[in-house]
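Student: I have a model open and want to learn how to read its strands and its interface. Where do we begin?

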Amino acid sequence: MKGVVFNLLEQLVVREHGEETWDALLDASNLDGAYTSLGNYADEDLMKLVGAAADELDTSPDHVVRWFGRNALPLFAVRYPQLFEPHDSTRSFVLTLNEIIHPEVRKLYPGADVPVFDFATRDGVLVMRYRSPRKLCALAEGLLHGAADHYRERLTITQPQCMNLGDDRCVLEITFAQ
Amino acid sequence: MTQEPPATPSVERRTERLEKRLERARLARHEAEQIAERTTRILYDKQQELVLLDAVVAVSNESSTLEEALQGTVDAVCAHTGWPVGHAYVRDPTSGDLEPTTIWHIEDSDRFGAFRRVTEQTSFSHGIGLPGRVLATGRAAWITDVTSDPNFPRRDLGVRGAFAFPIIVGSEIGAVLEYFTEAAVAPNPALLQGMSQIGRQVGRVVERIRAQEQIAHQAMHDGLTGLPNRFLFHDRVELALARSQRRGTFGAVLFLDLDRFKVVNDTLGHTVGDELLKDVSDRLAATLRASDTVARFRGDEFTLAHFGGDEFVVLCEDLASEEQTVRVAERIQQALLRPFSLRGEDYVVTASIGIALASAGEAEGVVRDAEAAMYRAKEGGPGRWELFDEALRGRALERLGMERALRGALESGELRLHYQPIVALDGGSIQGVEALVRWQHPERGLVLPGEFIPIAEESSLILQIGAWTLREACEQACRWRTRFGDRAPLPVSVNLSARQLAQAELPEIIRQVLADTGLSAGDLAIEITETALIENSRVPATSLVELKSLGVTILLDDFGTGYSSLSHLRRFPIDILKIDRSFVMHLGAGGDDAAIVQAIAGMAHALGLEVVTEGIESLEQAGQAQALGCGWAQGYYFARPGPPATIESLIHASSRTRPPAAPAIVTSGVVQRGLQRSTDGL
């Protein structure tokens with residue numbers, strides 16, 4: 001996992017819950033917490049922090065991940081405005097994930113292991129398929145909501161299939177409110 | 001006063017400071033990370049650009065056509081950018097507009113099918129749409145979202161982000177490549193810059209491909225006239241043969257050879273000759289295109305080709321009758337009647353045309369038959385046509401065989417020179433000898449020049465035979481001069497063909513032969529015909545003056561049969577006139593011939609020229625010729641042409657009857673005083 005994800009998580013936790021909380025999460029996870037955005041760190045480090053946060057906040061890890069995704073998106077928008085500016089809607093933005101956004105991520109962070117999404121539109125519903133050993137569909141969900149916030153839209157997401165529930169892939173069905 | 005030690009800061013104060021230090025370190029780290037990210041990103045882009053450029057160069061360099069190069073580039077850029085749609089617009093050289101092509105990269109033909117269909121029906125001119133914008137500015141262009149762009153006509157077809165760049169060939173835009181994606185995409189200046197570089201690179205490849213295509217075209221076409229060459233023409237004839245067999249129709253090949261063009265070329269120089277050929281080719285093409293000719297056929301069933309030199313061929317297809325091909329031949333000959341104007345002078349060109357019908361067989365055979373028919377047409381005189389038939393085939397084969405054998409004869413030394421004396425009518429002394437070429441054929445025996453010289457004249461063989469004759473005659477003359485001294489039967493006169501005479505370097509060639517053989521110029525005479533002089537209107541005057549100044553004697557052969565122009569006699573440095581044998585044959589039969597001979601002789605004497613009567617076969621003719629004022633003569637009555645030994649025996653015979661230092665004029669027999677003047681430098 002890229003260091004930038006740890007940096008953003010730290011930024012959000014500190015902003016919402018203070019530096020003490022972040023220190024506590026690090027202690028609970030037995031991590032030293034030195035992350036640079038350019039570095040690569042073990043995926044399980046992130047999962048440990050998420051687990052610790054869930055314990056601390058008395059919620060589920062998925063909820064923490066969704067919260068993180070939704071709140072990290074505005075931070076991305078500040079860091080990389082050029083990825084957001086050409087679009088006027090969440091759908092348009094999301095459709096550039098494979099062609100624009102993830103290639104850009106690879107440019108910034110050589111070796112970044114980004115997932116590939118498969119899109120389809122059915123009856124106005126955007127169907128997004130995802131398959132990754134990280135099984136971070138919750139992060140995707142959070143980021144989608146964050147994007148909707150950014151474009152001042154509302155959307156609902158249902159997930160008929162999920163790798164965390166034993167399916168071979170995750171399917172997110174996104175409905176945009178008119 | 002003692003200084004107070006600094007007070008130990010409070011814990012609060014130290015914590016505050018530490019937090020500030022931490023914040024500074026964090027800001028510094030973020031800045032460092034951002035700098036590193038930017039640099040990494042630039043490096044990444046540059047690397048990708050290089051990879052792309054490499055891929056484009058590789059794929060386009062492997063291409064042998066423009067289409068392949070563009071297809072390779074469209075694919076490579078799509079692979080690089082991950083954009084799903086790429087297309088090439090190619091510039092129409094005449095209108096200058098951009099025309100759509102079928103060169104596409106499309107990842108999902110269902111999604112982009114409509115866009116493709118509309119694009120393939122849309123041309124763009126200057127400034128219109130994305131391609132037109134590139135055409136107008138000559139630069140790569142980017143559209144973030146075509147749906148909100150006021151100048152993008154192919155709207156609502158499922159594409160949004162777009163960019164395009166020009167393929168610059170030489171200094172012009174040869175094509176515009178355009179790329180699309182489904183999402184709006186912010187401009188990427190670095191990408192556009194990379195694309196511009198690719199456009200220039202591919203342009204260079206296109207230039208190379210065009211050069212190669214031109215070379216391929218050149219291999220199939222005549223460099224001078226741009227018409228199909230022999231290779232391509234044979235191909236067309238093969239196709240025509242296959243077609244006519246299928247359809248049950250027939251075609252024809254017309255083989256044109258411009259009459260006496262070789263001489264025109266040799267005399268006026270190749271530059272003028274080439275210009276004339278171009279004009280002829282234009283007129284032939286125009287004649288064949290002309291509606292009143294073509295109207296009888298179904299469209300453009302003509303192929304005009306140029307075999308190089310003065311040979312043109314026409315393939316006519318889908319004919320209904322032989323008569324039609326003859327009409328085409330006559331139409332061509334008529335069209336050529338109008339003089340060609342070149343550098344202020346008019347030239348009339350005539351063509352001999354051979355026609356062979358093409359309904360079966362091989363292309364090569366049909367063309368060869370037409371060529372054979374052309375030769376027969378030529379034999380009848382300039383500006384005629386002839387249809388090929390079976391008898392001609394035999395003659396053509398014979399002619400080919402003769403040419404091949406003649407070439408062999410020259411190499412294996414089967415050519416001989418025979419000599420015939422020229423004698424003074426008053427006294428019979430030898431005034432010189434004429435060298436006459438013979439072919440000692442291993443099977444056919446002695447072949448006379450009438451049988452093989454015309455064939456040699458059709459090729460460069462005539463120059464080789466002429467050069468051999470000149471050298472051989474000079475060597476023989478040299479031997480005679482050494483052996484007989486003052487009694488040598490000299491000068492030896494050598495016939496020059498029109499083409500030899502047309503060689504600008506003729507004086508140099510003769511000077512070289514004289515130097516090589518050691519013969520004095522005064523012991524050499526050259527015989528030229530009036531026709532050859534006419535055909536060589538420029539070069540020979542200076543050549544002949546130069547030869548004359550060397551001391552070479554100049555004879556004008558066959559006088560009286562052609563132009564018999566007094567002005568020629570004055571213009572050229574002629575020493576001796578030969579009156580054609582046809583006058584002598586009829587001398588005894590009354591008529592005008594005697595008067596003509598007398599007039600010629602009188603005129604010649606007035607100009608200070610000697611006159612030789614050819615073809616004297618009897619004592620009576622010799623007497624008449626002398627009575628009409630001719631000084632010298634040649635003919636069977638005095639001696640037949642024979643090998644050097646027969647001349648030598650004549651000399652021996654005369655020396656047995658005459659003392660060595662005989663006077664120049666005697667009443668009978670043969671003496672050994674030559675034609676040469678006081679310039680004799682031996």
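Tutor: With a strand pair. This is a predicted model. In chain B, strand E1 (residues 85-91) and strand E5 (residues 172-181) pair over 6 bridges, in the antiparallel sense.

Student: Which residue in E5(B) is the bridge partner of B:Val85?

Tutor: B:Phe180.

Student: Which sense does the pairing of E1(B) with strand E2 (residues 98-106) of chain B take, and how many bridges join them?

Tutor: E1(B) and E2(B) run antiparallel, joined by 6 bridges. For one position, take B:Val90: B:Glu99 in E2(B) stands opposite.

Student: What lies between E1(B) and E2(B)?

Tutor: A turn. The two strands form a hairpin, with 6 residues between them. In that turn, B:Gly96 has a positive phi of about 80 degrees.

Student: How should I think about side chains along a strand?

Tutor: In a regular strand, side chains alternate between the two faces of the sheet. Now check burial, using under 20% relative accessible area as the cut-off. In E1(B), 5 of the 7 residues are buried, so the strand is largely enclosed by the rest of the structure.

Student: Which residues are buried in helix H7 (residues 261-268) of chain B?

Tutor: B:Phe261, B:Val263, B:Asn265, B:Thr267 and B:Leu268. Look just past the end of H7(B) too. There B:Gly269 takes a positive phi, about 95 degrees.

Student: Now the interface. How is its size expressed?

Tutor: Often as the accessible area lost when the parts come together. Between chain B and chain A, about 1800 Å² is buried. Carbon and sulfur atoms give 51% of that area.

Student: Which three residues of chain B supply the most of the area it buries against chain A?

Tutor: B:Glu37, B:Arg41 and B:Tyr44. Together they supply 30% of what chain B buries there, more than any other three residues.

Student: How many residues are in contact on each side?

Tutor: 20 from chain B and 22 from chain A.

Student: What about specific polar links?

Tutor: Count two kinds. There are 2 salt bridges between chain B and chain A. In one, the side chain of B:Glu37 meets that of A:Arg79, at 4.0 Å from N to O. Polar contacts join 5 residue pairs across the two chains, both partners at pLDDT 80 or more.

Student: Which element gives the most residues to the side of chain B that touches chain A?

Tutor: Helix H1 (residues 11-61) of chain B, with 9 residues. By class, that side of chain B has 7 nonpolar, 6 polar and 7 charged residues.

How values were computed. Residues are numbered from 1 along each chain as its sequence is written. Chains are lettered from A and ligands numbered from 1 in the order in which they are written. This is a predicted model: local features need pLDDT of at least 70, side-chain atom pairs count only at pLDDT 80 or more; totals for chains, interfaces and linings use all residues. Side-chain values use heavy atoms; hydrogens and water are left out. Buried means under 20% relative accessible area, exposed over 50%, partly exposed in between (1.4 Å probe, protein chains only). Helices (H or I, at least four residues) and strands (E, at least two) are DSSP runs, numbered from the N terminus. Contact means heavy atoms within 4.5 Å. Buried area is the accessible area (1.4 Å probe) that two parts lose on being put together, summed over both. A polar contact is a pair of N or O atoms within 3.5 Å; within protein, one must be able to donate a hydrogen and the other to accept it, and residues adjacent in sequence count only if both atoms are side-chain atoms. Ala, Val, Leu, Ile, Met, Phe, Trp, Tyr, Cys and Pro count as nonpolar, Asp, Glu, Lys and Arg as charged, and the others, Gly among them, as polar. Two strands pair if DSSP finds at least two bridges between them.
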